[in-house]
Amino acid sequence: MIDVREGPNVRLSFDGFKVKAGFGSWQIDGFAVRPDLDKPGFFDNVPNHAVGFWGVYGVRPLTKTITLDAYYFGLDRKTAAFNRGVGHEMRHSIGARLSCPFAERKLGWDFDYEALWQFGTFGSANIRAWTVASETGYRFPNAPLKPRFSTKADISSGDDPRTNTLGTFNPLFPKGNYFGVLATAGPGPINFIDAHPRVEATLPQGVTISVDWIFQWRESLRDGVYSVPGFLIIPAGKSDARFVGNRPGTEVRWQANRHLWFQADYGIFYAGKFVKESQPGRNLNYWALWAGYKF
């Protein structure tokens with residue numbers, strides 16, 4: 001829900017404050033920020049006063065391996081655009097997450113399950129939106145290459161403009177490549193149903209490799225397809241097809257030392273029936289090379 005999003009965009013920064021506190025077994029963050037507007041210089045970005053973002057996020061262990069997250073986010077956008085039109089968006093999000101980390105030494109399952117409800121107003125309409133996201137994996141840490149097999153299944157609500165309630169889910173500031181390698185130009189997690197199998201392995205010398213394949217459908221046939229940051233890519237109306245497309249991808253990452261890493265991504269988007277019927281839909285190839293240094 002909140003990420004700096006270096007993959008699909010220029011790094012997203014925020015100006016504001018955060019307060020951290022501990023209450024028993026809970027670790028709680030409270031924050032109020034505005035996203036920055038990018039300017040072509042050094043340390044000269046300014047906050048976007050048309051967008052306000054605030055919230056409270058709490059984390060606590062339930063067992064030795066299972067963690068509970070619970071949170072509230074508020075978002076105020078003076079101008080927001082969805083398939084049904086443009087208006088002032090005031091949106092509140094309440095969610096919870098259960099997670100279990102990857103197995104490190106013994107065979108074992110891991111999981112990450114999250115559900116979220118959104119309400120508020122969009123212009124004169126109410127907002128009622130939701131999402132459920134899941135990832136379930138199994139790692140073989142003692143086998144050669146330490147493989148991990150996993151699958152994600154996600155669904156987020158879309159809109160029906162015939163009603164006076166906006167049903168389009170807003171993922172706020174989402175992590176792009178959670179939804180596959182092709183995060184720059186691929187459809188994002190709005191009005192979205194997906195199935196997403198993945199295999200990853202660990203090679204010698206700090207090299208990891210993963211292969212995944214994501215299949216995507218529209219949740220509502222009366223809502224369009226949106227990008228990762230939330231812009232409308234293809235409006236509804238020209239096709240009643242549900243299938244948006246599928247995206248195989250691979251990622252190779254080399255952690256050269258504790259500071260320096262390199263990464264290569266390659267993915268293909270195969271246009272589905274909705275894309276082909278709505279516009280001249282073509283397949284898309286994507287590749288990227290990354291290098292990073294962490295102090």
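Buried residues account for 41% of the 295 residues in the chain, and this is a good figure to keep in mind while the whole chain is on the screen, as a predicted model.

**The whole chain**

Start with the C-alpha trace, which spans about 55 × 50 × 45 Å along its principal axes. The radius of gyration is 20 Å, and because a compact globule of 295 residues would have a value near 19 Å, the chain agrees with that expectation. Switch next to a cartoon view, where the secondary structure comes to one helix and 17 strands. If contacts are drawn between residues at least 6 apart in sequence, 56% of them join residues at least 24 apart. With a surface turned on, the chain exposes about 15,800 Å², of which carbon and sulfur atoms supply 62%. Colouring by charge brings out 34 positive and 27 negative side chains, and the centres of these two sets lie 2 Å apart.

**Along strand S5**

Select strand S5, which covers residues 67-82, and find lysine 78 within it. Lysine 78 has a relative accessible area of 44%, so it is partly exposed. Leaving aside residues up to four places away in sequence, lysine 78 touches Ala50, Gly87 and His88. Now add isoleucine 66 to the selection: twelve residues separate it from lysine 78 along the chain, and their C-alpha atoms are 39 Å apart.

Staying in strand S5, move to aspartate 76. Is aspartate 76 buried or exposed? Its relative accessible area is 13%, and because buried means under 20%, aspartate 76 is buried. Show its side chain together with that of histidine 88, since the two make a polar contact of 2.6 Å. Beyond the residues up to four places away in sequence, aspartate 76 touches Ala50, Val51, Gly52, Trp54, His88, Glu89 and Met90. Ala50 and His88 are therefore worth keeping displayed, as they are among the residues touched by lysine 78 and also among those touched by aspartate 76.

**On to strand S6**

Select residues 85-100, which form strand S6, and pick out serine 93. Serine 93 counts as buried because its relative accessibility is 1%. Which side chain does serine 93 meet in a polar contact of 3.0 Å? The partner is the side chain of glutamine 118. To see the wider surroundings, display Tyr71, Tyr72, Phe73, Leu116, Trp117, Gln118 and Leu172, which serine 93 touches when residues up to four places away in sequence are not counted.

**Two loops with a positive phi**

The last stops concern backbone angles, and it helps to know that most residues other than glycine have a negative phi. Select lysine 146, in the loop that lies between strand S8 (125-139) and strand S9 (148-156). Although lysine 146 is not a glycine, its phi is positive, at about 45 degrees. Lysine 146 has a relative accessible area of 40%, which means that it is partly exposed.

Then go to asparagine 191, which is placed in the loop between strand S10 (165-166) and strand S11 (192-203). Here too phi is positive in a residue other than glycine, with a value near 50 degrees. How accessible is asparagine 191? Its relative accessibility is 1%, so it counts as buried, whereas lysine 146 is partly exposed.

Conventions. Residues numbered from 1 in each chain as written. Predicted model: local features only at pLDDT ≥ 70, side-chain atom pairs only at ≥ 80, totals over all residues. Heavy atoms only, no water. Helix = DSSP H or I, 4+ residues; strand = E, 2+ residues; numbered from the N terminus. Buried < 20%, exposed > 50% of the residue type's maximum accessible area, 1.4 Å probe, protein only. Rg over C-alpha atoms; globule rule 2.2 N^0.38 Å. Contact = heavy atoms within 4.5 Å. Areas by Shrake-Rupley, 256 points an atom, 1.4 Å probe, with all protein chains shown as cover. Lys, Arg positive; Asp, Glu negative; His and termini not counted. Charge placed at Lys NZ, Arg CZ, Asp CG, Glu CD. Polar contact = N/O pair within 3.5 Å; in protein donor to acceptor, adjacent residues only side chain to side chain.
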